[in-house]
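Visitor: I should like to learn how to read the surroundings of a bound ligand and the pairing of strands. May we work through an example together?

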Amino acid sequence: MRQTWRWFGPIDRVTVENALQAGAEGIVSALHHVPTGEVWSLNEIRKRQREARAGGLEWELVESIPVSEAIKTGGAEAVPHIAAWKASLENLARCGIRTVCYNFMPVLDWTRTELRWKTRTGARAMRFDLIDFAAFDLFILKRDGAAATYPDTIRAAAEKRFPELDDEARAALAANIGAGLPGSTERYSLDDLRRLIATYAGVDAEKLRKRLIDFLSEVAPVAEHLDMRLCCHPDDPPWPLLGLPRVMSTQADYEAVLNAVDLPANGVTLCTGSLGARADNDLPGMVERLGPRIHFVHLRNVRREAETVPCSFFEDEHLAGGTDMVAVVVALLKEEERRKREGRSDCVIPFRPDHGQDILDDLTRGAQPGYPAIGRLKGLAEIRGIVRTLEHPQFGM
Ligand code: DNO
């Protein structure tokens with residue numbers, strides 16, 4: 001397994017040099033400054049490659065080329081945006097970068113209600129509180145039809161919670177949800193959110209899935225031809241939000257899309273943290289069953305606070321939480337072995353320690369939420385320990 005590390009570019013307070021010291025072997029990055037729908041030029045790609053190289057590591061994977069809302073809703077700009085996506089793939093291939101992660105979540109990328117929730121150790125973790133989220137939807141965003149999206153118990157709890165939130169807490173909630181977490185492409189005001197949600201009127205899960213399949217039918221053959229791999233990141237959290245459909249939340253969701261565009265280039269970013277927020281996702285089993293098409297892995301762990309879908313959860317330490325990380329790594333190593341036997345060139349699967357709690361000096365460094373230096377270093381070191389042990393001849397896989 002190849003140990004990679006997400007780096008947000010020169011603005012990131014965790015440097016490439018830091019990643020190298022943490023033991024990372026390669027960098028995951030994106031041109032976050034290029035507006036969605038525009039081509040990533042050779043110049044900009046090469047510049048980021050030089051910036052990474054100056055710190056001692058190569059830029060090996062893209063996370064993410066954003067997929068515009070027009071592509072997801074079938075808006076007027078879908079055609080030029082898909083053409084730009086393909087052109088970006090061509091430019092990346094010319095620079096030797098061949099794996100591209102993306103997601104297909106409407107409007108919001110990953111979503112949390114709290115960014116610095118205090119854990120029992122005094123560390124700070126990210127958390128999704130379903131009641132706060134419902135309070136935001138019902139009483140801050142005041143979305144039409146919001147009430148029908150929540151079970152009675154959650155609605156009642158949100159009604160009680162909302163008056164308890166002071167102005168600061170309400171503003172923080174709106175910012176955390178709408179103003180975008182690292183990697184999200186846009187920052188939305190409440191009015192922006194309302195306007196964007198309206199563009200999804202009539203787009204249900206089936207329509208969204210069809211758009212994803214149409215999109216992949218265009219871009220996956222291009223990727224295949226360029227000897228590239230595309231890998232769709234799961235929905236985070238893996239259920240519909242704000243009345244918007246989400247279609248990459250379960251194994252069945254992935255299978256539908258992988259089968260519809262049945263090319264090796266059409267693959268999966270297996271994120272144990274996102275998928276692990278649903279008790280009905282069996283992560284080691286998903287690694288086994290989706291294995292041949294897994295091109296990238298995010299390893300992290302969430303602690304669900306209920307077994308229902310949806311539920312509240314927080315980001316636990318990498319080896320804590322509800323997912324059996326050792327079993328996931330065993331399944332990944334088996335998949336690597338299987339690929340070796342098949343003679344595949346991609347028999348080393350890249351992963352990154354995804355997110356991390358803020359611990360020790362992270363608490364004052366002010367890095368991107370979810371992307372601290374030491375919290376991730378700890379996660380990476382723990383996972384590396386599992387891999388080394390399992391690969392050791394004495395324990396023999
Ligand atoms: C959060 C990330 C997501 C992810 C995108 C992939 O930490 O995992 O922002 O990068 O959803 O397109």
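Visitor: Which residues around the ligand come nearest?

Guide: One begins by listing the residues with a heavy atom within 4 Å of the ligand. In this predicted model, the list holds 15 residues, of which Glu-63, Ser-64, Asn-103, His-355 and Tyr-371 come nearest.

Visitor: How does one then look for polar contacts?

Guide: One searches for pairs of N or O atoms within 3.5 Å. Here, an oxygen atom of the ligand lies 2.4 Å from a polar side-chain atom of Glu-63. For Ser-64, the distance from a polar side-chain atom to a ligand oxygen is 2.5 Å. The side chain of Asn-103 has an N or O atom 2.9 Å from an oxygen atom of the ligand.

Visitor: How much of the ligand's accessible area does the protein cover?

Guide: On its own the ligand has 330 Å² of accessible area, and the protein covers 99% of it. The ligand takes up the space of the largest cavity.

Visitor: What classes of residue make up the shell, and which strand gives the most to it?

Guide: The shell consists of six nonpolar, five polar and four charged residues. Strand β4, residues 99-103, gives the most, with three residues.

Visitor: How should I read strand pairing, for example that of β11?

Guide: One looks for bridges between two strands and for their sense. Strand β11 (residues 313-316) pairs with β6 (residues 124-128) in the antiparallel sense over two bridges; Phe-128 has Phe-313 in β11 as its bridge partner. Strand β10 (residues 301-304) also runs antiparallel to β11, joined by four bridges, and Asn-301 stands opposite Asp-316 of β11.

Key
Residues are numbered from 1 along each chain as its sequence is written. This is a predicted model: local features need pLDDT of at least 70, side-chain atom pairs count only at pLDDT 80 or more; totals for chains, interfaces and linings use all residues. Side-chain values use heavy atoms; hydrogens and water are left out. A polar contact is a pair of N or O atoms within 3.5 Å; within protein, one must be able to donate a hydrogen and the other to accept it, and residues adjacent in sequence count only if both atoms are side-chain atoms. Accessible areas come from the Shrake-Rupley method with a 1.4 Å probe; for residues, only the protein chains shown count as cover. On a 1 Å grid over the protein atoms alone, a cavity is a set of points where a 1.4 Å probe fits but cannot get out, and a pocket is an open set with protein on both sides within 12 Å along at least five of seven lines; lining residues have an atom within 4 Å of a point. A molecule sits in a cavity or pocket if more than half of its atoms lie within 2 Å of its grid points. Ala, Val, Leu, Ile, Met, Phe, Trp, Tyr, Cys and Pro count as nonpolar, Asp, Glu, Lys and Arg as charged, and the others, Gly among them, as polar. Two strands pair if DSSP finds at least two bridges between them.
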